[in-house]
Amino acid sequence: MSKVTEVSHPLILHKLAYIRNKETGAKDFRQLVEEVSMLMAYEVTRDLPMEEVDVQTPICTTKCKMLAGKKMAIVPILRAGLGMVDGMLSLIPAAKVGHIGLYRDEETLQPVEYFCKLPQDIAEREVIVVDPMLATGGSSADAITLLKKRGAKNIRLVCLIAAPEGIKCVTDKHPDVDVYVASIDEKLNENGYIVPGLGDAGDRLFGTK
């Protein structure tokens, strides 16, 4: 069963307030998304396996804990997910980065893959899928399905803000995937935007309309 974690750290909530503000420009928006992503990476990696090693300090040899060689991958959903990659990499610099691009066919309503480039050993890696917004949940659920088809087994989804509808969509379709969000918002409006939300994350990241 999926675990849904709302990472409500004071620093994250403070920065999220600026991210939501419509007056925040693209430069500051990008910086804040990167910073919140880095802070969320701390929580997302909390249960990584550790091993005990011998370390020589200037005084003596001691036992220390280090990561147990777990391979990781960060996979942004294009294009807004790109804004979260650098923040994650700042804490997990050895992670490899894949990319997934999807759109939904307006007639069939089926997801269409237009780009997918993943590490060759994706099946051996702990995969963190990143996308600032979890609105309807369709894109995230489709991206996770695509990853599973390519062999990925251990997947986590990390978003800045989510609507309850999006969380339900992902956890219903992928009960083995844990979800991490900075805020669970109220609802989706009639246009599919998260309320109160932050607008279109891609447009705000890249200064496009």
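Tutor: For the side chains discussed here, a residue is called buried under 20% relative accessible area, exposed over 50% and partly exposed in between, with a 1.4 Å probe and protein chains only. This is a predicted model, in which local features need pLDDT of at least 70 and side-chain atom pairs count only at pLDDT 80 or more, while totals for chains, interfaces and linings use all residues. Residues are numbered from 1 along each chain as its sequence is written, and side-chain values use heavy atoms, leaving out hydrogens and water.

Student: Is Cys 64 buried, partly exposed or exposed?

Tutor: The sulfur of Cys 64 has its closest cysteine sulfur in Cys 60, 9.5 Å away, which is too far for a bond. The relative accessibility of Cys 64 is 27%, so this residue counts as partly exposed.

Student: How many disulfides does a search of the whole structure find?

Tutor: A disulfide is taken as a pair of cysteine sulfur atoms within 2.5 Å. Cys 116, which counts as buried at 16% relative accessibility, is in no disulfide, the nearest cysteine sulfur being that of Cys 159 at 18 Å. For the whole structure, the number of disulfides found is zero.

Student: How wide an arc around the axis do the buried residues of α1 cover?

Tutor: Helices (H or I, at least four residues) and strands (E, at least two) are DSSP runs numbered from the N terminus, and in α1, residues 10–20, the buried residues are Ile 12, Lys 15, Leu 16 and Ile 19. These residues lie on the same side of α1, because the arc they cover, taken from the directions from the helix axis to the C-beta atoms, is only 110°.

Student: Which elements are included in what covers those buried residues of α1?

Tutor: Contact here means heavy atoms within 4.5 Å. The cover of the buried residues includes the strands β10 (154–162) and β11 (178–184), together with the helices α2 (26–44) and α6 (201–206).

Student: Thr 136 carries a "binding site" annotation in an unreviewed UniProt entry; which residue has its backbone nitrogen 3.3 Å from the side chain of Thr 136?

Tutor: UniProt positions follow the numbering used here, with shortened feature names, and such annotations may be inferred rather than shown by experiment. Thr 136 sits in the loop between β9 (133–134) and α4 (138–149) and is partly exposed at 47% relative accessible area. A polar contact is a pair of N or O atoms within 3.5 Å, where one must be able to donate a hydrogen and the other to accept it, and residues adjacent in sequence count only if both atoms are side-chain atoms. The backbone nitrogen at 3.3 Å from a polar atom of the Thr 136 side chain belongs to Gly 138.

Student: Ile 194, Gly 199, Asp 200 and Ala 201 are also listed by UniProt for "binding site" in the unreviewed entry; what is the relative accessible area of Ile 194?

Tutor: Ile 194 is part of strand β13, residues 194–195, and beyond four places in sequence Ile 194 touches residues including Met 133, Leu 134, Ala 135, Ile 161 and Leu 188. Ile 194 counts as buried, with a relative accessible area of 7%.

Student: At what distance does the side chain of Asp 200 reach the backbone nitrogen of Gly 202?

Tutor: Asp 200 is placed in the loop between β13 and α6 and counts as partly exposed at 30% relative accessibility. Setting aside neighbours within four places in sequence, Asp 200 is in contact with Arg 79 and Tyr 193. The side chain of Asp 200 reaches the backbone nitrogen of Gly 202 at 3.0 Å.
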